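Reader: I have a structure to study and would like to go through it with you. Could we begin once it is on the screen?

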Amino acid sequence: MMSGLSPDLELQHGLVSLTPNLRAFARTLCGSPDQADDLVQETLVKAWKHRASFAPGSNLKAWLFTILRNAYLSERRKRKYEVSDPDGVMAEQLSVRGEQSGHMDLIDFSKSFAQLPAEQREALILIGAEGFSYEDAALMCGCAVGTIKSRVNRARVRLAELTGIKDGSEIGDDTASSAGSR
Amino acid sequence: MTSKFNSVGASAGAAEESDCQPAAVPLPVEAQGRIGRQLQQVYGQMLSEPMPDRFTTLLQNLAKSSEGNEPESA
């Protein structure tokens, strides 16, 4: 753990390596890539300004994600953010690649994901994409572990409904797209 | 041992209305797996994008600003 670098330098390395994660997380929260990047910028500035409050060796990603999350909620309260684009930022992201590579199922997934409530998107990303523990996610979101589990489960159920992933059906199967099946 | 993450810019977050709905029946494990893989695939693509210059520049500037400056406590 002791690398011989100053805490500032170690933190800077940490920020560099985690900025892609912050950008991805911000995009799942925000309505546009530009707003997401503005949010990440604000997060990095705040994190550096308050770096004395970060305990070296503790969970840097969780600390940064919490700062970003709080900044997002604060801006949302000020109604700085528009309502999310219904097609979703992730769908925009993938639409070009999808057409080229045939990954239409990922576009469906992204569009379905964008329809989830914000707290479900957040919980699913923290648990299912970033690999935080339920306990850590609950701490970061300021709620009970059971609430996180409930949000994750609801998100999964809703995604399954919207994308047709259920009962072992593959996306693209005729049986998966028929309404009301099973 | 996890530390309290709630520090910078924190404020109480109210429970969302959807939290009060009855819990949904858990999804079958296989469906969970499929969703998880798609999620990670989409998220992974976002992670692997090149970083815009604005962040590279910002991070370099932050490091420079620490020379001679004392960091603030939260």
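Author: We shall discuss confidence, aromatic rings, cysteines and one serine.
Author: This is a predicted model, in which local features need pLDDT of at least 70 and side-chain atom pairs count only at pLDDT 80 or more, while totals for chains, interfaces and linings use all residues. Residues are numbered from 1 along each chain as its sequence is written, chains are lettered from A and ligands numbered from 1 in the order in which they are written, and side-chain values use heavy atoms, with hydrogens and water left out.

Reader: What pLDDT does chain A average?
Author: The average is 82, and 74% of the residues in chain A score at least 70. Here pLDDT is the predictor's confidence in each residue, from 0 to 100.

Reader: Where is confidence lowest in chain A, and where is it highest?
Author: Confidence is lowest in helix H9 (residues 174-177) of chain A, with a mean of 39, and highest in helix H7 (residues 134-141) of chain A, at 97. A helix is a DSSP run of H or I with at least four residues, numbered from the N terminus.

Reader: Over which residues does pLDDT stay under 50?
Author: One such stretch is residues 168-182 of chain A, with 17 contacts beyond four places in sequence; a contact means heavy atoms within 4.5 Å. Where pLDDT is low, the predicted coordinates should not be read in detail.

Reader: New topic: how many aromatic pairs are there over all chains?
Author: There are three. Rings of Phe, Tyr and Trp (its six-membered ring) pair if their centres lie within 6.5 Å; planes under 30 degrees apart count as stacked, over 60 as edge-to-face and the rest as tilted. The pair of A:Phe54 and A:Trp63 is tilted, because the planes stand at 40°, with ring centres 5.0 Å apart.

Reader: Are those two buried or exposed?
Author: Both A:Phe54 and A:Trp63 are buried. Buried means under 20% relative accessible area, exposed over 50% and partly exposed in between (1.4 Å probe, protein chains only).

Reader: Which residues do ring pairs link into a cluster?
Author: The cluster holds A:Phe25, A:Phe65 and A:Phe132.

Reader: How many disulfides are found?
Author: The search finds zero over all chains, a disulfide being a pair of cysteine sulfur atoms within 2.5 Å. The sulfur of A:Cys30 is too far for a bond, because the closest cysteine sulfur, in A:Cys141, is 15 Å away.

Reader: And where is A:Ser150 found?
Author: A:Ser150 is in helix H8 (residues 145-163) of chain A. With a relative accessible area of 19%, A:Ser150 is buried.

Definitions and conventions: Helices (H or I, at least four residues) and strands (E, at least two) are DSSP runs, numbered from the N terminus.
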